[in-house]
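Trainee: I have the model open and would like to know how each label is earned. Let us take them one at a time.

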Amino acid sequence: MALKVAIVGLPNVGKSTLFNALTQTAAAQAANYPFCTIEPNTGDVAVPEPRLEKLAAIIPSKEIIPSRINFVDIAGLVRGASKGEGLGNQFLANIRDCDAVAFVARCFIDDDITHVEGKVDPLSDLETIETELMLADLESLEKRVSNLEKRAKAGDKESAQTLSLVQLALAELNAGRPARKAKVAAEDEKAWRMLQLLTSKPALYVSNVDEASAADGNEMSKLVAERATRDGADHVAISAQIESEIAML
């Protein structure tokens, strides 16, 4: 089964352009207005693996099948998405089905491309996204507590385990931290994944920079990199527009 990665961000930060670059297509419409993406675009990409060729030379095979990543370009999130603003409910459901999340932050200035918040501030954008995901997780978990408590008191061991994990997640979220910060025991990993929490998924921060900053990033992307380090996440700076144009060539 392919790893499924959601490409997430506010409108007009370059999500669809990044998707086109990664999948080497022009399948995703990239336009200068919010919600030009409504239904999520999906694309499979083979993961380069030179060891496969070496193995095939040792053990002849009729077919070489590399691992694949399925990228999902999701509609832009706006403030209030956890309450259904914009395409909020649809947006959150699409993320829930994914294994990891790539958070795209706009780190370039272009007066011709509007910003839904009226200013370019990548850290504020990331804060908006994470806040909405945490609010959605809080609402989802709080609805489960009462029923789980009843079942746990009746002696249901599975419900007792789930309740313990729900309380662990709620403790992190109520402290303003994503669920991925929780320390989960190895034997609870499967049950933890079954909670399908938006903020428990592995995160990658993507700084979408201008062409001049593609090699070394810029001041804005450095701030995003610092946040990624604090969050224990990986970070990459990329000029999605340039990469998309190169891929199409």
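Trainee: Which residue in β3 does Leu3 stand opposite?

Mentor: Leu3 faces Ile69 there. A word on the ground rules: this is a predicted model, where local features need pLDDT of at least 70 and side-chain atom pairs count only at pLDDT 80 or more, while totals for chains, interfaces and linings use all residues. Residues are numbered from 1 along each chain as its sequence is written, and side-chain values use heavy atoms, with hydrogens and water left out.

Trainee: What makes β1 and β3 a pair?

Mentor: Two strands pair if DSSP finds at least two bridges between them. β1 and β3 have five bridges, in the parallel sense, so they meet that rule. The elements themselves are DSSP runs, H or I of at least four residues for helices and E of at least two for strands, numbered from the N terminus.

Trainee: How do β2 and β3 run, parallel or antiparallel?

Mentor: β2 and β3 run antiparallel and are joined by six bridges. Asn41 stands opposite Asp73, and Ala46 has Arg68 as its bridge partner.

Trainee: Why do β2 and β6 count as edges of the sheet?

Mentor: The open sheet has six strands in the order β2-β3-β1-β4-β5-β6, with mixed pairing. β2 (41-46) and β6 (234-238) each have a single partner strand, so one side of each has no neighbour in the sheet. On average, neighbouring strands are turned by 25 degrees against each other, direction ignored; axes here are lines fitted to C-alpha atoms, for helices over the stretch in contact, and angles run from 0 to 180 degrees between N-to-C directions.

Trainee: Which handedness does the crossover from β5 through α7 to β6 have?

Mentor: That β-α-β crossover is right-handed: with the strands pointing away from the viewer, the path from the first strand over the helix to the second runs clockwise. β5 and β6 are parallel over five bridges, with Val206 partnered by Val236 in β6.

Trainee: What makes α1 mostly covered?

Mentor: Eight of the nine residues in α1 are buried, meaning under 20% relative accessible area (exposed is over 50%, partly exposed in between, with a 1.4 Å probe and protein chains only). Among them are Lys15, Asn20 and Thr23. α1 lies across β1, β2, β3, β4, β5 and β6, running at about 35 degrees to β2. Gln24 follows α1 and has a positive phi, near 55 degrees.

Trainee: Why is Pro122 called buried?

Mentor: Its relative accessible area is 4%, which is under the cut-off, so the label holds. Pro122 lies in α4 and is in contact (heavy atoms within 4.5 Å) with Ala105, Arg106, Cys107, Met220 and Val224, leaving aside neighbours within four places in sequence. α4 also packs on the sheet, touching β1, β4 and β5.

Trainee: And Ala212, buried or exposed?

Mentor: Ala212 is exposed, because 75% relative accessible area is over the limit for that word. Ala212 lies in the loop between β5 and α7, and its C-alpha atom is 8.7 Å from that of Ser239, 27 residues apart along the chain.

Trainee: What makes the 38 residues a nonpolar core?

Mentor: A nonpolar core is a set of buried Ala, Val, Leu, Ile, Met, Phe, Trp, Tyr and Cys residues joined through side-chain atoms within 4.5 Å. In the largest one, with 38 residues, those touching the most other members include Val8, Leu18, Phe103 and Tyr205. β4 gives the most, with seven residues. Another core, of 18 residues, lies apart from it and includes Val145 and Leu163. In soluble globular proteins, nonpolar side chains tend to be buried together.

Trainee: Which residues is Leu18 in contact with, leaving aside its neighbours within four places in sequence?

Mentor: Leu18 contacts Ile7, Val104, Val206, Ile238 and Ala240.

Trainee: How many disulfides does the rule give?

Mentor: Zero, where a disulfide is a pair of cysteine sulfur atoms within 2.5 Å. Cys98 still counts as buried at 3% relative accessibility, and Cys107 does too, at 0%.
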